[in-house]
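Look over the sequence and the model below. Then read on for a short tour of one pocket, one helix pair and some annotated spans.

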Amino acid sequence: MRSATPWSDVLSYLVEATGETLYMVGVSTLIATAFGIPVGVWLQLTARGGLRPNPVVHRILSFVTDLGRSMPFIVLLVALTSVTRLIVGGSIGSTAVIVPLAVGAIPFVGRLVQNILSEVHVTVVEAAITTGASTLRIVRSVLIRESLPALINAIGVTVIALIGYSAMAGVIGGGGLGDLAIREGYQRFNDRILWSTVAWLAVLTTVIQLGFTRAARASDRRRHASV
């Protein structure tokens, strides 16, 4: 009968895998935010009733965004193997997984941002227009500022989704907690590692979500003004 893995070893595995997961998710979130927010802004600006309505551009951008969102991550992971190998020099490991994670998250963030910006009250935007503010200034000082709490929450949702996606990457040896659960837990019939990883993933996502929720509340100027 195979002896159970010592808890000290389980903890060591979890620490290492958590570092890999946070690395993958952190870098891909930064990339997705850097590209996804501009995509969301352009979707909102070119939409009907936006500051720069352009039906053709909006339809094309919306189609590409929805196409990216509809792609199952495991399919995207395999489809981008050649691109990943070209960019990072390999297709296995934590760094390699960042490429499909970021590509999959950009349209996700873009659509979230557009939906959030569309909720900014029209009178606030009109007031900025009457002052002669440029489009860039309105986006930066009105749309983004008024939507900041919701945008922070959206980034939090993205992080949680990316943690789930990164766990799927364990199927092809992507590293992180998903890889630990599959390779060391499931494939080697090690229930202690498997369920410890599952429990830790639940704790990790809860803590991260709580952190983003508190950050969003702290940035809500309307909430502070009403206190």
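## The pocket, the helices and the record

The largest pocket has a volume of about 200 Å³. Keep in mind that this is a predicted model. Rolling a probe the size of a water molecule over the atoms shows where empty space is left.

Which residues line the largest pocket? They are Q44, L45, G49, G50, L51, L117, S118, V120, V122, V125, I129 and L143. By class, eight of the lining residues are nonpolar and four are polar. None is charged. Helix α1 and helix α6 (122-130) each supply at least two residues of this lining. The most comes from α6, which gives three residues.

Helix α1 has a second role in this tour. It spans residues 7-46 and packs against helix α5, residues 94-117. The angle between them is about 35°. Their axes lie 6 Å apart. Is the crossing of α1 and α5 left-handed or right-handed? It is right-handed. The residues of this contact comprise 19 nonpolar, eight polar and two charged.

Now for the record. An unreviewed UniProt entry places the feature "transmembrane region" at residues 22-45, 57-80, 86-109, 150-173 and 193-213. Two of these spans are set out here.

| Span | Distance between end C-alpha atoms | Helix | Strand |
|---|---|---|---|
| Residues 22-45 | 33 Å | 100% | 0% |
| Residues 57-80 | 26 Å | 88% | 0% |

In the model, residues 22-45 are 100% helix, while residues 57-80 are 88% helix.

Notes:
Residues numbered from 1 in each chain as written. Predicted model: local features only at pLDDT ≥ 70, side-chain atom pairs only at ≥ 80, totals over all residues. Heavy atoms only, no water. Axes fitted to C-alpha atoms, helices over the stretch in contact; angles between N-to-C directions. Helix = DSSP H or I, 4+ residues; strand = E, 2+ residues; numbered from the N terminus. Left-handed = near helix turned anticlockwise from the far one by under 90°. Nonpolar A, V, L, I, M, F, W, Y, C, P; charged D, E, K, R; others polar. 1 Å grid on protein atoms, 1.4 Å probe; cavity = no way out; pocket = protein on both sides within 12 Å on 5 of 7 lines; lining within 4 Å. Points joined across faces, edges and corners; volume = space filled by probe spheres on them. UniProt positions renumbered as here; feature names shortened; annotations may be inferred.
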